[in-house]
Amino acid sequence: MSKASDARLPKTVDPYRLAEHDTVLEGDVPLSALSRFRNAVMGFEDDAVCRVKLSFYLDGERRRTVSGELEAPVSLQCQRCMESMGTVVTSSFLLGLVTSDGQARQLPKELEPFLTDEFSADLWLMVEDELLLALPSYPVHDRSECPAKEELEAYEPDGSSEGAEEGAADNPFSVLAGLKKTKH
C-alpha cells in the first residue's frame, strides 16, 4: 500500500454487488471519525487517515469475499517506559460476507465473518474493527530507542538475561536434571 490516495473511502456500499463485479476500492478513512479506535490509542495527528485497499470478489466456492489491507499512523503507550511511541498499525485480512449468524458458522476457518445487511455494509465500521484487532497487545519501543533503556541496562547490562541463567543454576531441581541424564 505504498501509493497515496486523496479519495475518501465510501462509508456504506452494497458489498454483494461489488463482489459480483470484482471491485477494488482504495481510499482513506479519517481516524478522527473512528471513536472506538481513537479511545484505544494514545493519539494521532489531527488530519491522520487510515489508508485502505479492499478487494471484493467471489471465491472458488462462489462465496462473496473481501480481502483488505490497511495502515494507520498512531501513537501508542510503550509498556516499558509508559511514554508515547509512534508506530504504523497495519493489517491484512480476509472476510466472508454474511447476513446471519448461521451463514457465519458455515464459513471456512480462513474467512472471518463480516455481518452485513442485504444491500449495505458500513466500511468504516469494518476498518475500525480491523484496526482494533491489529493493535499490539504489548507495545514497546525498540530497546535502543526506549527512554527507559538506562533502567533496562541496570537489569540486563548487555541486553541478555544473565539473571535467568544464574537463576537456573540456583534452581533446587537442577540436581534432578542431572539424575535424569545418567543411565542406571
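A residue counts as buried when its relative accessible area is under 20%, and as exposed when that value is over 50%. With this cut-off in hand, we can walk through the structure shown above, which is a predicted model.

Let us begin with L97, whose place is in strand 5, a strand made up of residues 84-98. The relative accessibility of L97 is 8%, and because this falls under the cut-off, L97 counts as buried. Leaving aside neighbours within four places in sequence, the residues in contact with L97 are P15, Y16, R64, V66, F114 and T116. One of these contacts, V66, deserves a second look: although L97 and V66 are 31 residues apart in sequence, their C-alpha atoms are 7.3 Å apart in space.

L97 also leads us to the largest pocket, since L97 appears in its lining together with Y16, R63, R64, V98, T99, Q103, Q106, L107 and E118. Two of the names in that lining, Y16 and R64, are already familiar as contacts of L97. How can such a space be found at all? Rolling a probe the size of a water molecule over the atoms shows where empty space is left. The volume of the largest pocket comes to about 210 Å³, and its lining residues divide into four that are nonpolar, three that are polar and three that are charged.

Strand 5 also holds S91, and here the relative accessible area is 14%, which again is under 20%, so S91 is buried. Not counting residues up to four places away in sequence, S91 touches G68, E69, L70, E130 and A134. Of these, E130 belongs to the buried residues of helix 4, and that helix is our next stop.

Helix 4 covers residues 123-134. It has twelve residues and reaches 16 Å from its first C-alpha to its last, close to the 16 Å expected at 1.5 Å a residue. At the N-terminal end, helix 4 is capped by D122, which places a side-chain oxygen 3.0 Å from the backbone nitrogen of W124. W124 is itself among the buried residues of the helix, which are L123, W124, M126, V127, E128, E130 and L131.

Is E128, a member of that group, buried or exposed? With a relative accessible area of 7%, which is under 20%, E128 is buried, even though glutamate counts as a charged residue. Leaving aside neighbours within four places in sequence, E128 is in contact with L34, S35, R36 and F37.

How values were computed
Residues numbered from 1 in each chain as written. Predicted model: local features only at pLDDT ≥ 70, side-chain atom pairs only at ≥ 80, totals over all residues. Heavy atoms only, no water. Helix = DSSP H or I, 4+ residues; strand = E, 2+ residues; numbered from the N terminus. Buried < 20%, exposed > 50% of the residue type's maximum accessible area, 1.4 Å probe, protein only. Contact = heavy atoms within 4.5 Å. 1 Å grid on protein atoms, 1.4 Å probe; cavity = no way out; pocket = protein on both sides within 12 Å on 5 of 7 lines; lining within 4 Å. Points joined across faces, edges and corners; volume = space filled by probe spheres on them. Expected span 1.5 Å × (residues − 1). Polar contact = N/O pair within 3.5 Å; in protein donor to acceptor, adjacent residues only side chain to side chain.
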